[in-house]
Amino acid sequence: MRTFLALALLVGMAACAAEKPRVMGPAEVIARGFKIGLMLPDQTTPRWEKFDRPYITSSVAQLCPNCEIVPVNAQGDPAQQGRQLDQLTAQGIKIVILTPVDARGIQPSVDRAAARAVRIVSYDRLAEGPIDAYTSFDNVEVGRLQGQALVEAIRARGRKGQIIMLNGPVTDPNSAEFKAGAHAALDGRVRIGAEYSTPGWSAEEAERESEMAMDRLGLDTIVGVYAANDGLAGGAAGSIRDSGLPPDTPLTGMDADLDAIHRIMLGTQTMTIYKPIQPEAQNAAQLAVDLGAGRPIRGTSTVSNDTEADIPAMITKAIVVTRSTIKDTVVKDGFWTANEVCNPAGMRSMCAELGIT
């Protein structure tokens, strides 16, 4: 009898050992929730903390109410961002939304994260390494739209001369794409007298570079400034003002920063690029939740970095904003309220003229 019981026990134990742990389906994973790391690059550009973080947080909450966003900001320091990714993965976080400070410099940390089965959504900038998904804008098209607007503004003034070109930093992969698109629109149509890759998207450095170019080229030859974003445009606008160049010297930008909207209203900046952040953030949230739940990833296209090919990507269309379209773009979408646009005393008459109420 004892022998029989022992055999039965052994058989039972073997059967239990052979059973595989139950795998939860996507719906159950989402019902339980999980943590998502949100890695933003800096606070120099206002959009990251003012718009991207709350939009992503609210979008994730709609898709996965019990999911938790764990946010960090690298403060423009690529080494710190690498440490932050290592720390998130050490905490057991398996899904990360990452906007790299330095797309190539982050790769060792991305490699280490992938080795721990961490899934990464590269957000707005394409990180190097084994990432799983990407969402951003058509950055080459953004640069082309900026360059085209600059050419048209210069031609409208009937002047001939040179432009100053202020590109973004070489550590940001988007900078090369903005630059390529801008050159496609500018080359053969205007002469580029001076060109810089401004480190850290620094407005102060852009102002210094603009001043150097003006001193070297001569004020009477300068007919416009290409600035890759509104921070650089702010630096260039300061140089234009202090140098004595005409205040309406054509000047581009990107990001639809509030200061840039005010400059456009006053005529000291020609245009900006409005990148609707909410749909981009919604895309990031969807990709992150799908990855966490084990659902298939679907993109509108694919992209490749130096490590991976055919990365699923969701691309959002960018929009040109000029003085006449402020009301029907950034104000209509609620990116900026009419009160925010019109509240400074000097803007009220401009808002009345443009029908912004």
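Hi everyone. Let me open with a definition: the expected span of a helix is 1.5 Å times one less than its number of residues. Keep that in mind while we look at this model, which is a predicted one.

The helix I'd like to try it on is α9, residues 230-243. How far apart should the ends of its 14 residues be? At 1.5 Å a residue, α9 should span 20 Å, and the end C-alpha atoms sit 19 Å apart, so expectation and model agree.

Now the two ends of α9. At the N-terminal end, asparagine 229 acts as a cap, with a side-chain oxygen placed 3.1 Å from the backbone nitrogen of glycine 231. At the other end, glycine 244 comes just after the helix and takes a positive phi of about 95°.

Which residues of α9 are buried? They are Asp230, Leu232, Ala233, Gly235, Ala236, Ala237, Gly238, Ser239 and Ile240. And what covers them? The cover includes three strands, β6 (162-167), β8 (222-227) and β9 (272-274), along with the helices α8 (203-217) and α10 (258-266).

On to the pockets, which may be your favourite part. The largest pocket holds about 330 Å³ of space. Its lining has 20 residues, and the closest to the centre are Leu126, Glu128, Pro173, Glu177 and Ser304. Two elements give two or more residues to that lining, β5 (133-137) and α7 (173-186). Of these, α7 gives the most, with 3 residues. By class, the lining divides into 8 nonpolar, 5 polar and 7 charged residues.

The second largest pocket brings us back to α9. About 260 Å³ of space lies in this pocket. It is lined by 20 residues, and Pro46, Asp230, Gly231, Asp257 and Asp259 lie nearest its centre. You'll recognise Asp230 from the buried list, and Gly231 from the capping contact with asparagine 229. Helix α9 supplies at least two residues of this lining, as do α3 (47-63), α8 and α10, each. The classes here are 8 nonpolar, 5 polar and 7 charged.

One last stop: serine 122, in strand β4 (residues 119-123). Is this serine buried or exposed? The cut-off for buried is under 20% relative accessible area. Serine 122 has a relative accessible area of 0%, so it counts as buried. Who are its partners? Leaving out neighbours within four places in sequence, serine 122 is in contact with Leu98, Pro100, Ala127, Ile131, Ala133, Tyr134 and Thr135.

That's my tour. Thanks for listening!

Notes
Residues are numbered from 1 along each chain as its sequence is written. This is a predicted model: local features need pLDDT of at least 70, side-chain atom pairs count only at pLDDT 80 or more; totals for chains, interfaces and linings use all residues. Side-chain values use heavy atoms; hydrogens and water are left out. Helices (H or I, at least four residues) and strands (E, at least two) are DSSP runs, numbered from the N terminus. Buried means under 20% relative accessible area, exposed over 50%, partly exposed in between (1.4 Å probe, protein chains only). Contact means heavy atoms within 4.5 Å. A polar contact is a pair of N or O atoms within 3.5 Å; within protein, one must be able to donate a hydrogen and the other to accept it, and residues adjacent in sequence count only if both atoms are side-chain atoms. On a 1 Å grid over the protein atoms alone, a cavity is a set of points where a 1.4 Å probe fits but cannot get out, and a pocket is an open set with protein on both sides within 12 Å along at least five of seven lines; lining residues have an atom within 4 Å of a point. Grid points are joined across faces, edges and corners, and a volume is the space filled by probe spheres set on the points. Ala, Val, Leu, Ile, Met, Phe, Trp, Tyr, Cys and Pro count as nonpolar, Asp, Glu, Lys and Arg as charged, and the others, Gly among them, as polar.
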